[in-house]
Structure formats: structure tokens, C-alpha cells
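Me: I would like a close look at a single part of this model, followed outward to whatever it touches. Please take me through it slowly, as I am in my first year.

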Amino acid sequence: MFNQNNFYSSAFAKLQSINYPLLGLIITLFFVGLAALYSISNGDFNSWPLKHSQRFILGLIIFFLVIFFDLRLIFGYAYVIFFLSIISLVIIPFFGIESNGATRWINIAGISLQPSEFVKYTLILALAKYFHSISNDSGFIKTLIIPLIITVVPVFLVITQPDLGTALIILLGGISLFWISGLNYKYFIVGVFSILCSLPLLWQYLKDYQKDRVLTFFNPERDPLGNGYHIMQSKIALGSGGIFGKGYMEGTQSHLNFLPEMQTDFIFTMLGEEFGFIGTLLLLLIYAALIMISIRLALKSRSLFSKYLSLGVCNVFFIYVFVNIGMVTGLLPVVGVPLPFISYGGSSMLAVMFGFGLLMNCYINRNIIIEKTNY
Amino acid sequence: MKKSGRFIFQKYDTENLINRRAALVTIAKAGVFSVLVGRLAYLQIAENSNYKKLSDKNRITHRFLEPERGIIFDLQGRPMAINKQKYEIIIIKEETRDVEKSLVNLKSILPHANIDIEKILKEVNSRKNFIPVGIIDDLTWEDFSKINVNIHKLEGIYPQIGFKRYYTQGESHSHLIGYVSQISKNEEESNPLSKLSTAKVGKIGVEKAKDAILRGKLGNKNIEVNASGREIREIDRVNSVQGNYIQLTIDSELQKFCYERLKGLSGSVSVINVKNGEFYALASSPSYDPNIFSKSISNETWENLLSDKYKPLINKSISNQYPPGSTIKPFVALAALESGVSHKETFFCDGKHLIEDTSLESGYKTFHCWKKEGHGNVDMTKAIKVSCDVYFYQIARRIGINKIAEVCKRYGLGEKVFKSLYEEKSGVVPNKQWKLENLGSRWMVGETLSAGIGQGYFLTTAAQLSLALAQLINNGMRLSPKLIYDIETSNVYNERIIADPKYLKIIKNALDEATNAPGGTSYRSRIIGKYKMAGKTGTSQVRAISIKEREEGLIKNKDLPWEKRDHGLFIGYGPTTDPKYAVSVIVEHGGSGSGSAAPIASDIFKYLFEKKLNLKRNEIFNV
């Protein structure tokens with residue numbers, strides 16, 4: 001199945017068959033992020049912008065590494081990769097680094113990584129392989145219960161960190177694959193209904209700060225200086241940006257520190273303040289284009305695994321963008337999700353590049369047919 | 001491609017199914033993006049102007065600027081109350097999410113500082129949100145820079161440079177000049193500076209009387225601040241305006257001399273120019289250091305000042321009232337002269353004077369002269385010279401209380417000297433009507449006798465006595481008492497004559513004899529030299545002497561507890577040839593006027609004659 005000679009000799013061919021518009025959009029987004037971070041650090045390239053660039057280069061390396069692997073090899077080790085990522089989640093409570101009351105990071109060779117960021121993609125990988133492998137006439141347990149268990153395990157582990165935002169993205173990303181793989185829509189109706197019914201019960205398991213955030217989301221004025229502060233200041237920054245923005249590096253909300261977390265989760269707000277509606281619209285268009293190209297590439301694959309994997313990566317990416325922008329515009333509760341390629345954050349950057357590496361690999365190897373294996 | 005008959009998958013081939021599902025997802029994504037775009041359009045276009053305002057409100061903060069207080073100068077132009085720079089910290093409730101947390105952080109940065117978090121919280125909550133409340137009033141430079149370094153941890157807390165009042169003359173002038181302190185609740189309405197909690201207001205003395213002139217005008221500025229409230233840049237500013245200066249008639253060196261001379265005693269001194277009514281000294285003892293009020297004063301210090309039996313907080317020259325005792329006699333004598341009594345008429349003093357009193361068993365009441373064995377035959381001059389009580393009992397009885405009261409009032413007794421000083425007391429000059437109105441009973445003859453020697457209901461202050469004497473020996477010229485040079489009190493003096501100079505000459509001569517002729521009550525305190533002083537002693541009782549005590553022999557003052565000893569008074573003027581100054585000295589429970597008050601007056605006159613014979617205003621350049 002894996003031919004080493006073939007791997008090396010085809011490296012150049014692989015580089016040639018990359019979809020460059022997609023890579024171009026990724027690099028564009030990186031530069032938008034770089035410009036934003038340069039503004040936030042008040043023109044000091046050596047702080048955030050430099051690290052952001054280093055991370056992006058590291059991300060590109062991962063991207064190409066993933067491309068050069070044989071897709072069948074990735075398929076073969078999908079469960080192993082997933083299992084390793086689950087292990088990394090399990091060991092976090094013992095070896096993890098605590099920050100702001102949550103333990104989300106582990107230290108690998110001096111680099112802090114957030115395993116939950118990678119789990120988003122490894123789960124997609126595992127589910128893609130799983131749905132690829134089961135036969136169409138599989139029973140209820142195989143088609144629903146087992147993938148549900150695969151999904152719920154990382155979600156549960158991330159919730160206990162606690163990190164509700166990432167857990168939700170993992171869950172939604174997994175569920176989106178259920179949908180793509182063709183699960184009867186009635187289950188989704190039943191599922192949504194039962195989640196709505198169990199909300200009061202789930203409520204009790206939320207941490208106080210999470211409850212506060214949700215309550216504040218529904219009524220930001222409830223606590224304008226506490227949890228509502230982030231949302232209020234974010235909306236003020238966006239709104240005061242107007243159509244054309246206050247100008248690059250001229251944002252008062254951001255430069256006078258009224259915006260919280262502006263280099264990470266609220267970076268979109270800062271762009272909105274400085275570049276106005278024109279800027280935010282353009283940025284949304286770039287994201288939309290990236291997602292459209294991803295879907296188009298995904299559907300070109302012949303194997304189900306590739307389609308599932310590519311669409312899954314695309315969905316996770318979309319959820320990222322939607323939750324982040326929804327959050328900073330006050331449409332969604334503040335759950336702490338970065339804006340991919342733009343927010344300052346190493347794990348998120350590397351994980352997204354890993355995801356797009358998988359997607360691009362699927363595209364390059366779109367004609368490979370992967371046989372069903374025993375799962 | 002297999003077709004599934006099972007219920008899990010829909011009945012499409014897998015390829016088709018995925019495409020259909022992916023298409024649905026794509027449509028959903030497009031929908032979500034439209035919502036996001038719509039939301040952004042709403043926030044950034046429709047609501048733009050609202051959020052723009054909120055953004056400006058965030059970043060622009062209005063700050064008031066404390067004006068510098070006007071300076072108080074003395075007669076010679078020496079500054080007596082000035083302003084010094086100080087470092088202070090304030091907190092603004094509106095600009096912090098958690099006042100207590102900020103204060104706790106502050107405490108951890110300045111562990112040695114005395115920060116009463118509860119007290120400050122109370123203060124913060126009792127004021128409007130935007131009003132800065134002072135936390136530490138007077139900070140060292142080290143602490144001030146520590147705060148500046150840690151400012152990001154101290155939301156709503158700001159270090160700033162302010163002014164503190166400094167009194168160059170210290171305790172010798174504290175009663176007169178007063179002090180400034182925090183604006184209290186009931187002063188907020190009337191004081192525009194109350195928008196600034198760190199601003200101070202005059203609490204007593206000249207600082208209070210002329211606060212409106214001294215306080216100046218608030219300035220303000222709009223500044224751009226960051227989220228932790230740190231000033232980034234100034235947008236615009238209206239400078240504060242310093243308060244106007246004030247010049248007092250007080251000569252600070254003379255005042256200091258008087259205060260030093262009173263040291264160890266409880267009492268007061270008043271020095272006035274008999275020609276123009278300018279007060280050159282108004283000293284009171286014991287005193288306090290007015291500069292302690294620039295910092296927040298501890299409860300213990302305050303309690304000690306309040307409970308001290310020598311009453312250091314009271315300005316005894318204007319706020320403590322005393323029976324004038326024998327110092328009233330020159331005025332009673334004047335009343336007698338005006339009533340037709342000849343100064344040559346003699347009365348016989350055998351040490352006591354009897355009046356009918358049917359309420360007593362014996363049918364009469366005895367009034368004693370201070371000299372038990374009596375003075376024999378006395379005329380007016382001798383009566384003043386030796387301070388014969390029996391003489392004054394008799395003339396008082398003859399001319400009546402209303403005549404005595406009329407003369408005393410004409411000379412300014414029983415009336416506030418300075419209209420502007422809030423803490424001044426007016427004293428009492430009793431007459432028949434006064435008693436009926438205030439005590440609801442008829443006047444008794446015996447009370448006229450008491451009034452004739454300045455006892456009974458009579459109450460005066462040191463300032464009043466000096467003013468009254470000044471008008472008596474300047475040939476009866478009405479004076480406008482003056483303490484502060486400002487627009488309100490012009491330099492025009494009312495020169496109305498208020499007594500016949502012929503009579504005044506007799507009294508002046510008698511006062512001269514009382515000091516400068518052997519046998520006079522203040523002869524021991526006379527000044528030998530080119531310039532002389534003359535004056536009248538007074539001893540005012542603070543207790544009633546019972547008949548029993550009189551029979552058993554009077555207890556000497558020095559054997560009595562301090563509070564029961566007589567007050568010693570002296571009023572004098574000098575130089576006798578061409579009077580320039582009138583001085584009154586009151587020594588509380590000093591025993592006798594001749595023993596306690598006259599020597600002090602004598603020293604003050606010596607000082608005046610030697611160093612201050614021609615005191616004149618050194619006009620400050622008016623800005």
C-alpha cells in the first residue's frame with residue numbers, strides 16, 4: 001500500500017498539483033492577521049507579529065508534511081492518531097499547565113500546546129475513516145451509537161478542562177460529519193429536540209462563569225462592567241468603526257485597551273474598528289471564498305474517506321469563523337474561540353494548518369480509491 | 001453502488017447523498033454568512049453614531065483642575081498661608097469595576113500606608129460616581145512613583161499632584177488665620193469646589209470668613225484615557241484660576257511676640273491702632289499647629305484638642321466672653337460725667353456699700369470693695385487709679401444701668417467687632433430691657449451695682465475691650481475695626497466724635513495715674529522711659545463669694561483650683577503722650593489683673609515702643 005520510492009519521486013508532482021488559490025487565500029489571511037497584530041502591538045514587529053509569523057511558517061511546514069504523506073498511510077493510522085490525541089487530553093489534568101482556572105495546555109519540548117485544538121481534526125479523521133468503513137446496511141448501533149461514542153469522548157474530556165467553546169466546536173464538527181455521511185434527518189430532529197429538553201439539566205453542570213457568560217449573552221446590560229463588558233466594548237469598537245473605519249492603527253477602543261483579548265479572540269473587532277464595514281465585509285468574503293474552494297475541492301475526491309475528511313475540515317473551519325464572529329458581534333455567547341489564521345495563538349494556527357494539509361492531501365490524491373477495511 | 005433498504009440511510013446512492021447533504025450544508029453556511037454580514041452592517045452602519053458616542057465616552061474623560069488657594073499676607077506683606085505641592089492619590093468610582101479590589105491592590109502596593117478601606121468605601125458610595133475621592137492626602141515621592149509604576153493594577157485610582165496649605169507662622173496665628181479641611185456634606189451645595197473631593201474649604205478663622213475670595217475657580221480638562229484610566233493625552237483644557245490674595249492688618253512678628261508672651265497661660269491679647277482701628281495682633285493661648293490639618297488628622301489628636309481643658313481650639317480673643325471687671329470702670333466714669341457727675345465729687349469708701357433688700361433677714365445687702373479696709377474719700381481720678389469699687393457702686397446707682405449700657409454700647413461693647421469672622425461672640429451689655437427679654441424678670445438695683453464694676457451679666461471679649469479703649473483715648477473718634485484689607489472694607493474712616501473730649505481727658509489722666517503714679521493698680525508694671533503706657537486693671541470673679549467665706553477670710557487665688565481662680569484683665573494704651581496703640585490682655589484664671597495681665601501688657605508695649613512704633617501697611621502689589 002505504501003511505496004517509499006513513490007513517495008519521494010512524487011513529491012515534486014504533489015507540489016505542482018496543490019490548489020494554489022486555496023493556499024493563496026490562507027497566506028492572505030495570515031497577512032491580515034499579521035497587519036492586525038502589528039497594529040495592536042503599536043508598531044512593534046518583534047512582539048506578537050514576529051511570533052505569529054514564526055508559527056505560520058511552522059504551520060506551513062506541517063501543511064507540507066501532511067501533504068507529502070500518502071493518503072492511504074493517513075487512512076491507515078487515522079485511529080492511532082485519534083487515540084494519541086485522546087491520550088494527550090487524558091494526561092492534561094496531570095501534566096497540564098493551568099491558566100485562568102482552566103487546564104488546557106501541555107508543554108512539549110518547551111512549546112505549550114493545546115491538544116483540544118488538534119482533537120477537532122483528529123476526530124474528523126477518525127469519523128471519516130469510520131463512516132468510510134461501515135457498510136450502508138449497518139445497523140443502528142454501528143451507524144449511530146459507535147460514532148456518537150467516538151465523538152462524545154473528546155467532547156467530554158474538553159468540557160472538564162473546562163473549555164466549553166472548543167468542546168462545542170468539536171461536537172458540532174463531529175455531528176456535521178454524521179449529517180454528511182447521510183444519517184437520517186429524523187435523528188437530527190430527535191437529537192435537537194432532546195438537547196433542547198435536556199438544557200435545564202445541562203445547565204446545572206455548567207461552571208458559574210459559564211452560566212454568567214450565557215446569561216450575559218442574553219442580556220449584556222445585566223453586568224456592564226463584568227461579563228457584559230467584553231461584549232459591550234466589542235460592539236462599541238465595531239460600531240464606532242463605521243463604514244470606513246477609524247484608520248489603520250487609529251482604533252481608540254483597541255489602542256486604549258478597552259477591548260479585551262484583542263490579540264486573540266477579539267481580533268476581528270479590532271479590524272472592524274480600524275477598517276470599518278468595508279474591511280469586515282472583505283474579510284468575510286475571503287473566508288467565504290476559502291470555504292467555497294474547500295467544498296469544491298472536497299467533492300472532487302473519489303473516495304468517501306477523502307470527501308468526509310475534507311468536508312469535515314471545511315465544516316470545522318467554518319464553525320470556527322462563525323462562532324468567533326458571532327461571538328464578537330454579540331450574536332453568540334462569549335465562549336473563547338479564536339479566529340483562524342488571524343488570532344494570535346500557536347495551537348490554533350498549527351491545528352488549522354494541519355487540517356488544511358489533510359484537505360489538500362485529499363485533493364491531491366483525489367483519484368485514489370481506498371478500500372473499506374475492518375474498523 | 002448499493003442501495004440501502006435500512007432506515008438509517010436515505011434511499012440514494014452514497015455519492016449522490018453526500019453531494020446533496022454537502023449542498024445543504026453549503027446553503028446553510030451561506031445563510032450564516034449573510035446573517036453575519038447583516039449583523040455587521042447593523043452595528044457598523046445603522047448604529048454607527050450611537051457606538052461612536054459610546055466610544056468617545058470611553059476614551060474621553062472630564063477632569064476638574066484644583067485651583068490654587070489665595071495667599072494670606074500680613075501687614076508687612078509676609079506670606080502667612082501659602083500652598084505647597086503635594087502628591088496625593090484619588091479614586092473615581094465610575095472608572096473602576098470594583099472599588100474594593102482596587103483599594104486592596106493599593107494596600108498591597110503600599111503596605112505601610114494607613115488606608116482605611118471601609119471608610120473610603122463609605123465615602124465613595126456616599127458621593128456621586130464621577131467625583132474623585134481622596135485616598136492618601138500627602139504621599140512621599142517614593143510611594144508616589146511606586147503607584148505610578150503599578151498603575152495598571154489600580155483601576156480607577158490615580159496619583160496626582162495637588163496643593164496643600166502651609167501656615168508659615170505655625171501655632172501663633174492658628175486661631176486667627178484658621179485652617180482648611182475637607183469640604184463637608186452641608187458645605188457641598190454652596191461650594192463649587194465640592195466637585196473635587198480633594199478640594200479644601202476654610203473651616204474657621206480668616207480661611208473660613210474669606211473662603212469665597214481665597215478658593216479660586218475650578219479649571220477642567222478633557223483627556224483621552226485608556227481602559228485603565230491612564231491619561232494618554234490632553235484634548236482641551238480650561239486652567240483653574242488661583243484664589244485672590246488677602247492681606248491682614250496683623251503684624252506677624254508682633255502677633256508672634258504676643259503669643260510667646262502668653263505661653264504657659266490660658267488667655268488672649270488684642271492690639272489695635274487707636275487712630276485707624278487696624279488690629280495688629282489677636283493672639284490666643286494655648287494653641288495648636290494648623291499644619292496638622294493639611295494631612296488627615298487622627299481621631300486621637302482631634303479628641304485631645306477638643307477635650308483639653310485649656311481649650312486650644314478656641315480663639316479666646318474673640319470667641320471667649322469674660323466679665324470685664326474693673327476694666328469697665330473708665331466707661332462707667334464717662335457715663336457718670338455725661339450724666340452730670342463732677343469728677344471732683346468725692347464718695348467715702350469704708351470697704352463696703354449697703355443697699356436695702358427686704359428679701360434678706362437683715363433687710364440689706366452688702367457690696368464689698370476689693371480693699372476690705374476701704375479707700376476713704378475718693379474722687380473719680382482716685383477711684384480709677386485705685387479701682388475703688390464703692391465709688392462705682394454709688395455712681396452706678398445714681399446714673400442707672402441704662403446710661404451705663406448706652407455708653408458701653410456706644411464704645412462697641414456687647415457687639416461683634418469683626419462682622420466676618422463666624423466664630424466671634426458678641427458679648428453682653430445688660431440693661432433693663434435686656435434682662436426682661438432674655439431672663440424674663442425685672443432689673444434689680446443690686447445688679448446695677450454689679451454692672452458698675454463690670455460683674456454680673458456683663459460679658460466682653462478681648463477684641464471688644466481693646467476697641468472700646470482705643471475709641472476712648474483717641475479723643476472719642478469712632479473707628480471701623482479692621483482686620484482684612486479687601487474691597488469690602490475701604491480705607492475711609494468714620495471720624496465721628498462719640499464723646500466730649502473734655503470728659504475723655506479726665507479719664508485719660510486717671511488711667512495714666514493708675515499706671516504711672518505710686519499707688520496705682522498697675523504701677524508695678526509701668527514702663528520707665530521715653531514712651532509710657534497707661535491702663536486699667538480688672539479682676540473678674542468666676543465664683544460667688546459667700547458671706548460665710550467673707551467672715552472666715554477670703555481664700556487666696558493661689559489656694560483655689562485653677563478653674564475657680566479669678567480672670568486677670570488689663571486694658572492699656574501707649575505712648576501716653578500721643579497714643580497709638582490700645583492693648584487688652586486677658587489671662588484666664590490668672591488671679592488678678594495687676595498680677596497677671598498688666599505685666600504682659602507692659603512687655604507688649606515695651607516691644608511696640610522699641611520695635612514697632614510706626615507700624616504701617618506694606619501694600620502687596622494687587623494682581
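Reply: At A:Gly276, helix H13 of chain A bends by about 125°, and this is a good place to begin reading what is a predicted model. The bend can be set beside the length of the helix: H13 covers residues 267-300 of chain A, and a straight helix of 34 residues would span 50 Å at 1.5 Å a residue, whereas this one spans only 34 Å between its end C-alpha atoms.

The bent helix also has a part in the meeting of the two chains, where 45 residues of chain A are in contact with 41 residues of chain B. On the side of chain A that touches chain B, the elements giving two or more residues are helix H7 (140-159), helix H8 (164-180), helix H11 (227-241), helix H12 (252-255), H13 and helix H14 (304-328). Of these, H13 gives the most, with 10 residues. Taken by character, the residues on this side of chain A divide into 23 nonpolar, 19 polar and three charged.

Two of the helices just named, H11 and H12 of chain A, are joined by a loop in which A:Met249 lies. This residue has a positive phi of about 65° although it is not a glycine. A:Met249 has 14 other C-beta atoms within 10 Å, and is therefore partly exposed, since a residue counts as buried at 20 or more such atoms and as exposed at 12 or fewer.

Across in chain B there is a comparable case, for phi of B:Lys311 is near 50°, again a positive value in a residue other than glycine. B:Lys311 is found in the loop between helix H10 and helix H11 (329-338) of chain B, and with 17 other C-beta atoms within 10 Å this residue is partly exposed.

Chain B holds two cis peptide bonds to look at as well. One joins B:Ser285 and B:Pro286, with omega about -5°, and B:Pro286 has its place in the loop between strand E12 (279-285) and helix H10 (299-307) of chain B. The other runs from B:Gly574 to B:Pro575, with omega near -10°, and B:Pro575 lies in the loop between strand E19 (567-574) and strand E20 (581-587) of that chain.

From these loops we can turn to the interior, keeping in mind that chain B has 20 helices and 20 strands and that 46% of its 623 residues count as buried. The largest nonpolar core has 115 residues, and among those with the most contacts inside it are B:Cys258, B:Val269, B:Val332 and B:Ala601. Helix H17 (residues 462-473) of chain B supplies the largest share of this core, nine residues. Domain 2 (61-248) and domain 3 (252-290 + 315-611) of chain B both give residues to the core, so it lies between them. Apart from this core lies another, of 107 residues, which includes A:Val32, A:Phe258, A:Tyr287 and A:Val337.

To see how one core residue is surrounded, take B:Val269, which, leaving aside residues up to four places away in sequence, touches B:Cys258, B:Leu262, B:Ala281, B:Ala283, B:Ser317, B:Ala462, B:Val583, B:Val585, B:Ile600 and B:Ile604. Contacts between parts far apart in sequence also appear in the totals for the chain: among contacts in chain B with a separation of 6 or more, residues 24 or more positions apart account for 72%.

Methods
Residues numbered from 1 in each chain as written. Chains lettered and ligands numbered in written order. Predicted model: local features only at pLDDT ≥ 70, side-chain atom pairs only at ≥ 80, totals over all residues. Core = buried A, V, L, I, M, F, W, Y, C linked by C-beta atoms within 7 Å. Helix = DSSP H or I, 4+ residues; strand = E, 2+ residues; numbered from the N terminus. Domains from an automatic or database assignment. Contact = placed C-beta atoms within 7 Å. Expected span 1.5 Å × (residues − 1). Bend = angle between axes of the 7 residues up to and from the residue. Nonpolar A, V, L, I, M, F, W, Y, C, P; charged D, E, K, R; others polar.
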